[in-house]
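Hi,

Here is the structure I promised to hand over. Have a look at it first, then read on for what turned up.

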Amino acid sequence: MKYKVLHIFSSSVMGGAEKSMLFLADSLQKTNLAENIMAVPQDSFLFKEAKEKNIEAVPFSTRGSLMPAAIVKLIRIVRKHKIDIIHAHQGKLYWTALAVKLFCRSVKVVLHRRQDTRHKFYSRLHYSLADAVIAVSKAVADGLVKYEKVPADKIKVVYNGVNFERMGMNAGFGDVVKEYGLEGKTVIGTAGAIVDFKGKGQIYLIEAAKQMRNEYPDLRCLIVGSGKGLEEQKAYAKKLGVDDIVFFTGYQNQVQKYISAMDIFCLLSWDTEGMPNVVIEAQSLQKPVVVTNVGGNPEAFADGETGILIKPSSAQEVVSALKKLISDKALATRYGKAGKEFVENKFTVENMVSNTLEVYKSISRVESEE
């Protein structure tokens, strides 16, 4: 059976979730087992990229969860294209997608949950009304069952697939080394949004750099990412006296070039994390990783085999892990090689596609049995 799937996302930015949706739709399209259409803002990154990948895109956006105009627009799209499944990739569109079911009774709705966060009690109902829920990690799935009261048999864990061929395209990382004077230096780093002062825990890496600089005079730190907290973090690095060794690169589309310039990659999430794609990408580039025990982080690597798991919100934990890897280069190399093998076996595009199609098949089968 070939499914007609409408992927919906009302966002104009080029974030990780948006890229994941695009990659899934493109990967599904290539199997010829699903015909994919994307309903996204016309001025968005997603709309432009969909057209370039020969995926049909239709204009759609909304400011809220239950906007009548948006629901009517989505109903028209579903009817015009004879959609079988609405795949909602954004929390604020869950109710919009489910409202369409009242008028298009044959359509099925899949909710894709990427964050390990909590909803208000009145929002939990949308999970029970959905036909299936995809969680990007076991941690997210467990949270949905425990806190959102979602029936476990309605949830399917589908790990994001990674385009490892693209991650290998790190040509140009020498330019990064040259730009920041990293030749012959020990480079630690991270990549992620800096939505506020703490961001993805970048401040703990800055504090670690402060503690380590005297013992490791060749230490340098790359912080890749942007957001509202960027200037605060820059000011913090200056306050601690490490602004000469901590470099903020801002947002980078080709993040693999910057990770390639690092010796050790860190992700120091302190509050929530669904499934950290950047940790997977870093391992694909044979980088040993230091990762906090938050959300789906532990599922993205193998503690003691490809990296080191630490407690969140502790610069001292970061320092201890970094010192272990810096002082034992053989260990760091072994972790890096094992990491590449680990992620290329676990986070394949084939697994992502087959597991997603399994979800589509399961809800279509329910309909046929009725």
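Let's start with a pair of strands: β8 (residues 186–191) and β9 (residues 219–224) run parallel and are joined by six bridges. If you want one spot to click on, Val187 sits opposite Arg220 in β9. Keep in mind that this is a predicted model.

Helix α9 (residues 202–212) packs on the sheet here, touching β8, β9, β10 and β11 (264–267). The direction of α9 makes about 170° with that of β9.

Now zoom out to the sheet itself. Six strands make up an open sheet with parallel pairing, and their order is β10-β9-β8-β11-β12-β13. Which strands stand at the edges? They are β10 (246–250) and β13 (307–310); each has a single partner strand, so one side of each is left without a neighbour in the sheet. From one strand to the next, the twist averages 20°.

As a bit of background, strands of a sheet pair through backbone hydrogen bonds, and they can do that in a parallel or an antiparallel way.

There is also an open sheet of seven strands, again with parallel pairing, in the order β3-β2-β1-β4-β5-β6-β7. The edge places go to β3 (56–59) and β7 (155–157), and since each has a single partner strand, one side of each has no neighbour in the sheet. On average, neighbouring strands of this sheet are turned by 25° against each other, direction ignored.

Inside this sheet, β1 (residues 3–8) runs parallel to β4 (residues 85–88), and four bridges join them. One residue to find there is Ile8, whose bridge partner in β4 is Ala88.

Two helices are worth a look here as well. Helix α1 (residues 16–31) lies across β1, β2 (34–40), β4 and β5 (108–113), and runs at about 155° to β2. Helix α6 (residues 138–147) packs on the sheet too, touching β5, β6 (132–135) and β7, with its direction at about 165° to that of β7.

Last item: empty space. How many cavities of 30 Å³ or more does the structure hold? Just one. The largest cavity has about 40 Å³ of space in it. Its lining is made of Ser20, Leu24, His112, Arg114, Val158, Asn160, Met352 and Thr356. The elements giving two or more residues to that lining are α1 and α15 (349–369). Sorted by class, the lining has three nonpolar, four polar and one charged residues.

Have fun clicking around!

How values were computed:
Residues are numbered from 1 along each chain as its sequence is written. This is a predicted model: local features need pLDDT of at least 70, side-chain atom pairs count only at pLDDT 80 or more; totals for chains, interfaces and linings use all residues. Side-chain values use heavy atoms; hydrogens and water are left out. Two strands pair if DSSP finds at least two bridges between them. Axes are lines fitted to C-alpha atoms, for helices over the stretch in contact, and angles run from 0 to 180 degrees between N-to-C directions. Contact means heavy atoms within 4.5 Å. On a 1 Å grid over the protein atoms alone, a cavity is a set of points where a 1.4 Å probe fits but cannot get out, and a pocket is an open set with protein on both sides within 12 Å along at least five of seven lines; lining residues have an atom within 4 Å of a point. Grid points are joined across faces, edges and corners, and a volume is the space filled by probe spheres set on the points. Ala, Val, Leu, Ile, Met, Phe, Trp, Tyr, Cys and Pro count as nonpolar, Asp, Glu, Lys and Arg as charged, and the others, Gly among them, as polar.
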